[in-house]
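The following exercises are to be worked through with the sequence and the structure at hand. Each task is followed by a solution in steps.

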Amino acid sequence: MTELNTTANIAGPDEFYAELLAVHEDLSKAESDAFNARLILLLANHIGDRAVLSQALRAASLKKRDEEN
Amino acid sequence: MSKIFETPLYPYTRSTDQDAAEPAQHPVIVVGAGPIGLAAAIDLAMQDVAVVVVDDNDKVSWGSRAICFAKRPLEILDRLGCGDPMVDKGVMWNLGKVYFDERQVFGFNLLPEDGHKRPAFINLQQYYFEQYLIDRVRQLQAEGKPIELRGGNKVLEVAQKEDCVDLTIGTPDGPYRLHADWLIACDGAASPIRNMMGLDFVGRVFEDNFLIADVIMDAEFPTERWFWFDPPFNRGQSALLHKQPDNVWRIDFQLGWDIDRDEELKAENIDRRLKAMLGEDIKYELEWSSIYTFQCRRMDRFHEGRVIFAGDAAHQVSPFGARGANSGLQDTDNLGWKLKLILDGKAPESLLDSYDVERIHGADENILNSSRSTDFITPKSEISRIFRDAVLDLSERYEATRPMVNSGRLSVPCTYDGSPLNGPDCDGMPERTRPGSPMVDAPLPNGWLLDRLGSGFYLVAIDTDVPETLEIDGVGITGLRLSTDGDADGYLHQRYLGEAKSAVYLVRPDQHVAARWISYDEAETAGALRKAIGRSR
């Protein structure tokens, strides 16, 4: 089974981060929220693996391991 | 012109039971002559169980109500001998379109799987559905089957005795009493029987109102299901257009929670909505309109002593996904043969516990699916609306998110995984026909597989041998031998063999798989049959 990759995996992290913020620059809060939702859905579809997606949802919640389940 | 639903089809007539000194005793009384009550009664009468249906009304459903019937219920109706008139009259459809705001987001084709006698769905007004069931009741009566339909008979009181249910029935001639070995309550979501017995019906309330307008019009629209999210003519809400027979179109407007029902139902307000949706010059006749709200809820148990609940009386879902009448018919399909075996003394009364287990499993599946549809159609928070709109916006451009668009997940039959009645499974055989599943139809050289099954236990042998008939503890089993030689398109192989060279399926009277093996073994078969009728665990 594939595990969620939580080690650094993006070449050029500074460029990616800048690109991510740049997209939001001229957006209102509502437009940014909508953009983020679309981005999450596209990335989730790309990953596809349901187990990895569930791991990502848990990881993003920042709960400690003993708080899980 | 008077409509079928304005004509009394089973008007009150006085029964000799009303003049009896002591309450007449009947094996089964069904309360409610809707789709579920009639199907239950037909199923029992076809097995020679005497059944009386009582209803305080004397007409079929007022207005179209349930309009979408799925394949599995159509197969059940075939078993009950009345599938043909439904399918002949019904409208078949496979195409749908989804709109968001002012744009068409995408169109879809349900692409029904080949190799089935019945289509994935038909649209048919509930009044036709009930009328054809009543026609079937009359046909059975002409054949001398023990089935009676008493209109103008309203249950006033219900009491459980040790060996019967004691009913007081109100009629235009005054009240009388009846005794039933078993009572089947199919008296709808507001079930008076359930209320009289003080039984709980809990679940989730959805704070929303929907306006149904059924209009007759010679429209050029194709036979497709059109669904709108947040359209200009109904801002912030949803709408649905769907075709029924006789040029009747179902139009559904979501209204929200705080509305004035009387105001919304005024003809001029419905007219304003219809013209905003369909254009100022639209010509139509309004056949029926109604405002409904809904809940998703079920009873804790579906039978209480000798009173059994089926259909909306036992469980209620949102209309999205056509899971109300469709699941009710699966209730009666599950119940009929069990009650027959109990009445004949061939199965213990505890077999009814499996009705609860299996149909609660079905109800929970339907409630889950219909709640999810409702949450997509009516987002309950800001963030859920953001994601809903994101799914719709992406779907206009990319296929990726289209499967998430949820305007109702249309009813599919329930597999009774984990049922206490399930016997052994066999490695390598297809998952879709595992024990607990409904048999999947397949073309045979001279007809269809499902037309050969039902109303009794069967042993279906594929590329192997089984006895022609068999009797275990007084329960008959009929052998059906099939060969993949005549299976040109490979449906039998795909649906029943998988990797196996041969297969033997033990099939229940409701066409669900009880157990399956590579080849026939008498002791194995006997064990699985006893398990399937609740005689061993």
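**Exercise 1. A salt bridge in a loop**

Which residue forms a salt bridge with Asp417(B), and how far apart are the closest N and O atoms?

*Solution.* The model is a predicted one. Step 1: the partner of Asp417(B) is Arg434(B), with the closest N and O atoms 2.8 Å apart. Step 2: a salt bridge requires a side-chain nitrogen of Lys or Arg within 4 Å of a carboxyl oxygen of Asp or Glu, so the pair qualifies. Step 3: Asp417(B) and Arg434(B) both belong to the loop between H10 and strand E20 (443–444) of chain B, so the salt bridge ties together parts that are 17 residues apart in sequence. Step 4: Asp417(B) is partly exposed, its relative accessible area being 38%.

**Exercise 2. Further salt bridges**

Describe the salt bridges made by Lys29(A) and Lys340(B), and place them in the overall count.

*Solution.* Step 1: Lys29(A) pairs with Asp33(A) at 2.9 Å, N to O. Step 2: both residues lie in helix H2 of chain A, where they are 4 residues apart, about one turn of the helix. Step 3: Lys29(A) has a relative accessible area of 63% and is therefore exposed. Step 4: in chain B, Lys340(B) is joined to Asp344(B), with 3.1 Å between the closest N and O atoms. Asp344(B) is partly exposed, at 40% relative accessible area. Step 5: the count over all chains comes to 46 salt bridges.

**Exercise 3. The contact between the chains**

How many residues does each chain give to the contact, and how much area do chain A and chain B bury between them?

*Solution.* Step 1: chain A contributes 8 residues and chain B contributes 10 residues. Step 2: the two chains bury about 790 Å² between them, and 85% of this lies on carbon and sulfur atoms. Step 3: on the side of chain A, 58% of the area buried against chain B comes from Arg38(A), Leu41(A) and Leu42(A), more than from any other three residues. Step 4: the count of salt bridges between chain A and chain B is 0.

**Exercise 4. Two helices that cross**

At what angle do the axes of helix H2 of chain A and helix H10 of chain B cross, and is the crossing right-handed or left-handed?

*Solution.* Step 1: two packed helices are described by the angle and the distance between their axes. Step 2: the axes of H2(A) (residues 29–47) and H10(B) (residues 382–397) come within 9 Å and cross at roughly 65°. Step 3: the crossing is right-handed. Step 4: residues making the contact include Ala37(A), Arg38(A) and Leu41(A) of H2(A), and Phe387(B), Ala390(B) and Leu394(B) of H10(B). Step 5: sorted by class, this contact has 10 nonpolar, no polar and 3 charged residues.

**Exercise 5. Two residues of chain B**

Are Thr332(B) and Gln47(B) buried or exposed, and which residues do they touch?

*Solution.* Step 1: Thr332(B) is part of helix H8 (residues 324–343) of chain B. Step 2: the relative accessibility of Thr332(B) is 2%, so this residue counts as buried. Step 3: beyond residues up to four places away in sequence, Thr332(B) touches Ile36(B), Ala39(B), Ala40(B) and Asp43(B). Step 4: Gln47(B) sits in the loop between helix H1 (35–46) and strand E2 (51–54) of chain B. Its relative accessibility of 13% means that Gln47(B) counts as buried. Step 5: with the same sequence neighbours left out, Gln47(B) touches Gly336(B), Trp337(B) and Lys340(B).

Conventions
Residues are numbered from 1 along each chain as its sequence is written. Chains are lettered from A and ligands numbered from 1 in the order in which they are written. This is a predicted model: local features need pLDDT of at least 70, side-chain atom pairs count only at pLDDT 80 or more; totals for chains, interfaces and linings use all residues. Side-chain values use heavy atoms; hydrogens and water are left out. Axes are lines fitted to C-alpha atoms, for helices over the stretch in contact, and angles run from 0 to 180 degrees between N-to-C directions. A crossing is left-handed if the near helix is turned anticlockwise from the far one by less than a right angle, and right-handed if clockwise. Contact means heavy atoms within 4.5 Å. Ala, Val, Leu, Ile, Met, Phe, Trp, Tyr, Cys and Pro count as nonpolar, Asp, Glu, Lys and Arg as charged, and the others, Gly among them, as polar. Buried means under 20% relative accessible area, exposed over 50%, partly exposed in between (1.4 Å probe, protein chains only). Buried area is the accessible area (1.4 Å probe) that two parts lose on being put together, summed over both.
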